[in-house]
Amino acid sequence: DSLELSEAIRLNQVGYLPEGAKVAILLSEESVDGFFVWDVVEKAVVFEAKAKELEMETLSGQRAWRLDFSALSESGTYEIGVPGLGKSYPFEIGENVFGNLAGASLKAFYFQRASVDIPREFGGTWARSMGHPDTLVRIHPSAASATRPSGTLVSAPRGWYDAGDYNKYVVNSGITVGTLLSLYEAYPAFFAKQRLNIPESGDGVPDILVEIAWNLYWMLAMQDPMDGGVYHKLTTARFEGLDLEPREAVNQRYLVQKSTAATLDFAAVMAQAARVYKAFSPEDAIGYQKAAEKAWSWALEHPEVYYRQNELNDAFDPDISTGAYGDQNLDDEWVWAAAELFVSSHNLNYWEVLQRAELDYRLPSWNQVKWLGFYSLIRHEKSLPQIPAEWMSTLKINLVTAAKSYQNGAQSHVWLSPMGAEPKDFIWGSNAVAANQGILLLEAYRLNGEDGFLQGARANLDYILGRNATGYSYVTGFGSKTPLHPHHRLAVSRQDLPPLPGFLVGGPNPSQQDGCDYASKVPDESYVDDACSYASNEIAINWNAAFAYLVNAIQATEEL
Ligand code: G3I
Ligand code: 9MR
């Protein structure tokens, strides 16, 4: 009880579910004997065990010890104590330990809404005035067409801000919405009950779907009604100042060039939305399906319209310097769109495209969306008798094999999570790599019920929430040591408030493209909680979607 706090004890700062693995990692060059778990409320030691030295060292060469208290399953609030060394941050054990976090990870999307006030009733401390009505968006010369010449004003309101910036990008919106719709499709019973306290709540539609519809409304307006092509993004020419509130960020916004990537991602999302919303708003569902088919037709006619921002700037004014999301390989976008359209329509034309696809596993990211489509095929397998059993079984074997290899990776390094086994995991947005690995493991668990896959997914949640090389719980507002200065305009412009809660920051990224002042270059330590750092400390909707999937699915699985 009299021990001082020690940051050398790394653990999930939110907590652990009652059954299953509960492990903390202690960094210590000195030999460690035992540890204990202290019940903060009862003021009593409730568990004692030996620390076990790990064979591996951290990437920066520190000695590490495994503190395993899996046998403790009683609900409560605890701290870990190591005699002579210190105590951990507090954490909980309980059946609903991730319930609030699961909700907050989705409520975060509400805070990202463009074109609307966030009133106190729903935003609490983070109430704010609306910004970006987006009713007078200008057609950029790169997007000019006969019916919409350069300078034409188009209305494309609502949607979510992409990230720390205020722009809206179709490609990144695509994977975000696809991930969230799949989360709903995988665990509908859980979402029938979950409440997010958002304005349109309570009319029989699950809140997660209500929130997603806010973004679908905007996405529909990104399609040119004349030809079905989809504009790549809605953006200011340059990023707005970092300290501007939405209402103060008033530079002209543009619709920029149509692209095949945006159009295919749009087709995928709209096709998935068509089947998901059918039961709740049949008219919207019909509109989504039509939009998807129209987009697909445009893509067939324009299969190679890439978004290349430098070339665009050579040809048109004003120059555009905001997020590019410029993907130069669209094989995976075709597969994703074809898969979602096939699941929703059963039209064999789409199956022909799928048939030609390579079935190798690829971890999803904004520029690699193939397995969003394959997860959907697997999820809907029973309603797709047209697919040959052998093809389907190869797909599932590839999924399980990939999951197995991530699961094995967890034994190879100090943090005992699938995340971090490979240095290549540490890219811009590495925390979303962890989340997407977790999603894969959960998909594998759904396929064959092997407990190791579920434990692997949970280990990545442990990693994200504090059992890692920096000791941060990487989600704003959840945990004891958590980002206070995210690269998030909504937060930077309101220094009087704590950062908005429920946001996953990008995480360790040794490329350090922002040139900020990092304390370490070691891949898993290369993170700085400074608003300067867009390469390690920004927030983004695609990352939050993957995280929301992970934490909601883990909580949902516990409640099944
Ligand atoms: O594709 C190459 C790969 O071949 C190479 O091996 C690897 C080595 O690092 O780099 C890969 O390219 C990276 C690319 O992402 C794809 O992963 C680039 O280095 C990296 O700089 C790039 O980062 C992207 C970043 O924008 C800069 O363009 C992030 O993924 C992306 O999440 C981020 O998105 C931004 C938006 O542009 C603007 N809004 C905020 C958002 C989040 O930061
Ligand atoms: O705020 C921008 C962030 O959303 C992007 O991810 C990042 C990389 O494209 O760029 C940030 O904007 C910075 C710009 O690139 C360079 N000048 C400083 C800007 C931050 O205020």
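Helices (H or I, at least four residues) and strands (E, at least two) are taken as DSSP runs, numbered from the N terminus. The model is predicted, so that local features need pLDDT of at least 70 and side-chain atom pairs count only at pLDDT 80 or more, while totals for chains, interfaces and linings use all residues. Side-chain values rest on heavy atoms, with hydrogens and water left out, and residues are numbered from 1 along each chain as its sequence is written.

**Exercise 1.** Classify the pair formed by Phe 111 and Trp 126, and place both residues in the chain.

*Solution.* Rings of Phe, Tyr and Trp (its six-membered ring) pair if their centres lie within 6.5 Å, and planes under 30 degrees apart count as stacked, over 60 as edge-to-face and the rest as tilted. By this rule there are 30 aromatic pairs. For Phe 111 and Trp 126 the centres are 6.0 Å apart and the planes stand at 70°, so the pair is edge-to-face. It links distant parts of the chain, since Phe 111 belongs to helix α1 (residues 99–111) and Trp 126 to the loop between α2 (120–123) and β11 (137–139), 15 residues apart.

**Exercise 2.** Describe the pair of Trp 371 and Phe 374, and decide whether each residue is buried or exposed.

*Solution.* The pair is edge-to-face, with 5.0 Å from centre to centre and 85° between the planes. Both residues lie in helix α11 (residues 370–379), 3 residues apart, which is about one turn of the helix. Buried means under 20% relative accessible area, exposed over 50%, and partly exposed in between (1.4 Å probe, protein chains only). Trp 371 has 0% relative accessibility and therefore counts as buried; Phe 374, also at 0%, is buried.

Conventions
Chains lettered and ligands numbered in written order.
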